[in-house]
Amino acid sequence: MYSIYTHRFMTAEQIQKVVDPSWHLTNLKNRLTALFRNDYVARPQAQFGEFVEGGGSRPLVYALGREGKKVLLEPPYSLPLKSVNVVSNNTKVERPHIKHTLITTEVVANARVACSERGITFIDETDLIQTISHPERNIGKHRTRSWPVPAFPPLTAEPSWIIPDRMFCLHFPDRPDGQNRLYFFLEADRGTENHVSADATKATLARKMRQYRATAKSRALREHFPAIGSFIVLVVGMTPKRIHNMLVNSQAIEGGWNKLLFSDLATVESTPFFEIPWQEGKNRSVVTLGSVFQR
């Protein structure tokens with residue numbers, strides 16, 4: 001249930017990856033059904049009713065249920081009531097939000113599996129924010145993965161806020177302090193949003209690209225996340241065509257930036273995490289994170 005809480009929405013297959021890949025999937029699905037019937041987990045209604053091309057059905061999506069919420073409020077979890085209330089509110093959630101979250105969950109689940117196989121410590125955003133944030137961010141709305149981006153022409157014309165879809169860190173225990181962590185921000189494209197807009201204040205991927213670049217150039221993270229000296233942005237799109245369009249948009253921003261890495265969802269789902277081919281946002285060179293770590 002804690003894994004479902006941290007990821008918001010998960011399929012049985014994703015739960016298996018994150019919690020214990022040795023679990024038998026059929027047994028896990030039976031267990032989830034029992035938890036659902038007793039209201040420990042929920043199946044958001046927004047996932048149902050969608051036409052599936054070729055027939056069949058999509059994997060069931062699970063969220064935190066009312067009884068599961070009660071478990072997480074008690075020791076050893078003792079999570080804040082407000083935080084658990086937000087995650088366990090499944091009545092107002094819409095299908096696009098579920099789809100969007102499942103994309104980020106897929107990336108994170110694959111990263112967890114790959115890290116466990118290589119002796120690398122995976123640190124998800126829930127723990128990461130609490131350990132690397134400035135002390136004053138530990139209260140109220142600032143206890144999030146967001147930060148203010150300053151006006152930094154021509155990238156950003158006015159101050160704004162950016163909220164990554166996800167953030168995580170890989171910790172390498174065999175490397176010296178200061179060189180043993182890689183920080184990632186993750187962006188998921190469902191294939192339904194415009195990448196660019198004539199309105200510079202509208203939330204688009206192109207705007208986020210500019211915000212990330214302005215963040216790096218202005219070192220805006222120093223005040224809010226002092227531990228993050230540099231970072232990589234992973235962008236996952238629905239199709240190769242969408243990725244091509246994103247790369248074109250990326251190169252239109254100061255010629256592109258090689259800390260922006262792009263790949264499509266089918267490739268991410270079918271390839272071990274450290275072997276996923278990512279295209280760099282500047283010169284479109286194909287790299288893997290395995291090769292990046294060895295640099």
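Start by selecting Arg66: at 61% relative accessibility, this residue counts as exposed, because the cut-off for exposed is over 50%. Keep in mind as you go that you are looking at a predicted model. Arg66 belongs to helix α4, which covers residues 66–73.

**Stop one: the partner of Arg66**

Now add Asp39 to your selection. The side chains of Arg66 and Asp39 meet in a salt bridge, with 3.0 Å from N to O. Where does Asp39 sit? Look in the loop between α3 (25–37) and β2 (41–42). Asp39 and Arg66 are 27 residues apart, so this pair links distant parts of the chain. Is Asp39 as open as its partner? Asp39 has a relative accessible area of 22% and is partly exposed, whereas Arg66 is exposed.**Stop two: a pair from helix to strand**

Next, select Arg112 and Asp124. These two residues form a salt bridge, and their closest N and O atoms are 3.1 Å apart. Arg112 lies in helix α6 (residues 95–118) and Asp124 in strand β4 (residues 121–124), so the bridge ties together parts that are twelve residues apart in sequence. Colour the two by accessibility if your viewer allows. Arg112 is partly exposed, with a relative accessible area of 23%, while Asp124 is buried, at 5%.

**Stop three: onward from Asp124**

Keep Asp124 selected and add Arg166. Here is another salt bridge, between Asp124 and Arg166, with the closest N and O atoms 2.6 Å apart. The bridge links distant parts of the chain: Asp124 is in strand β4, and Arg166 is in strand β7 (residues 166–171), 42 residues apart. Is Arg166 buried or exposed? At 4% relative accessibility, Arg166 counts as buried.

Show Arg112, Asp124 and Arg166 together now. Which residues do the shared salt bridges join into one network? Arg112, Asp124 and Arg166. Side chains of opposite charge can pair when their charged atoms come close. If you would like to keep looking for such pairs, the count of salt bridges comes to twelve.

**Last stop: Ser3**

Finally, move to Ser3 in helix α1, which spans residues 2–7. Ser3 counts as buried, at 19% relative accessibility, because the cut-off for buried is under 20%. What does Ser3 touch? Leaving aside residues up to four places away in sequence, Ser3 touches Met10, Val18 and Val19. Select these three along with Ser3 to see the contacts.

Definitions and conventions
Residues numbered from 1 in each chain as written. Predicted model: local features only at pLDDT ≥ 70, side-chain atom pairs only at ≥ 80, totals over all residues. Heavy atoms only, no water. Helix = DSSP H or I, 4+ residues; strand = E, 2+ residues; numbered from the N terminus. Buried < 20%, exposed > 50% of the residue type's maximum accessible area, 1.4 Å probe, protein only. Contact = heavy atoms within 4.5 Å. Salt bridge = Lys/Arg side-chain N within 4 Å of Asp/Glu carboxyl O.
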